[in-house]
Amino acid sequence: WWVAYRNKSLALVKEGDTPRAIQTYKKGIKLSQETAVLRLDLALLYEKNGQAAEAVTVYEYMLRENQQAYEASNNLAMLLSDAEIFPNGLPRAKELIKALEGEDNPAYLDTIGWVQLKSGDIDSALLALTHAAKKAPNSAMIQYHLGKAYLQAGNQASAHRQLQRAIRLNASFDERADA
């Protein structure tokens, strides 16, 4: 049963034993019939552990199994949009966000907008990110992304306002130093 493997893996992560947690997730995936949650958790753990290539492999597998795996599409698109890690990932990220279009989830809207911004489509990015920010006003990362879009659009005042908002919302989010 997948839940037991998930619980054991989460406990191992809490204890700081990421390698054993990864092995437990893998064992659960091998032995369980329902594996989507385990695969998603494993991919997220790989990301958190700095193992981006392994996360991509898991997300791609999930999408081969189920093209409607929106969380996998979302997370993979965001991961591939990072040119420092995946210099050639943007075309695949743009392809992945097509599956998310029409969804009203603020995380998906954020990813759509971020990938559009990275692709140079500033107007579309601003539209998606503004909508995401309205739906999730307390998300520092979404406010940060909107601020970066305003900055790229040349709107310094709005960029400053959004970046300050992001910092106020969460003093320790990943991009705080850049904000």
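1. The lining of the second largest pocket holds eight nonpolar, three polar and four charged residues. This pocket belongs to a predicted model, and its space comes to about 250 Å³.

2. Among the 15 residues lining the second largest pocket, Ala-36, Val-37, Met-62, Asn-66 and Ala-69 are the closest to its centre. Two or more lining residues come from each of α3, α4 (52–65) and α5. The largest share is that of α3, which gives four residues.

3. The largest pocket contains about 930 Å³ of space. Its lining has 32 residues, and those nearest the centre are Glu-47, Met-78, Leu-79, Asp-174 and Glu-175. The elements that supply two or more residues to this lining are α1 (2–14), α3 (36–48), α5 (70–80), α7 (106–118) and α9 (140–153). By class, the lining of the largest pocket has 15 nonpolar, eight polar and nine charged residues.

4. On the fold: the chain has 10 helices and zero strands. Its radius of gyration is 17 Å, close to the 16 Å that the globule rule gives for 179 residues, so the chain is as compact as a globular protein of that length. The C-alpha trace spans about 55 × 35 × 30 Å along its principal axes.

5. On burial and contacts: of the 179 residues in the chain, 44% are buried. If one takes the contacts between residues at least 6 apart in sequence, 42% join residues at least 24 apart.

6. On the surface: the accessible surface of the chain is about 9900 Å², and carbon and sulfur atoms account for 49% of this surface.

Key
Residues numbered from 1 in each chain as written. Predicted model: local features only at pLDDT ≥ 70, side-chain atom pairs only at ≥ 80, totals over all residues. Heavy atoms only, no water. 1 Å grid on protein atoms, 1.4 Å probe; cavity = no way out; pocket = protein on both sides within 12 Å on 5 of 7 lines; lining within 4 Å. Points joined across faces, edges and corners; volume = space filled by probe spheres on them. Nonpolar A, V, L, I, M, F, W, Y, C, P; charged D, E, K, R; others polar. Rg over C-alpha atoms; globule rule 2.2 N^0.38 Å. Buried < 20%, exposed > 50% of the residue type's maximum accessible area, 1.4 Å probe, protein only. Contact = heavy atoms within 4.5 Å. Areas by Shrake-Rupley, 256 points an atom, 1.4 Å probe, with all protein chains shown as cover.
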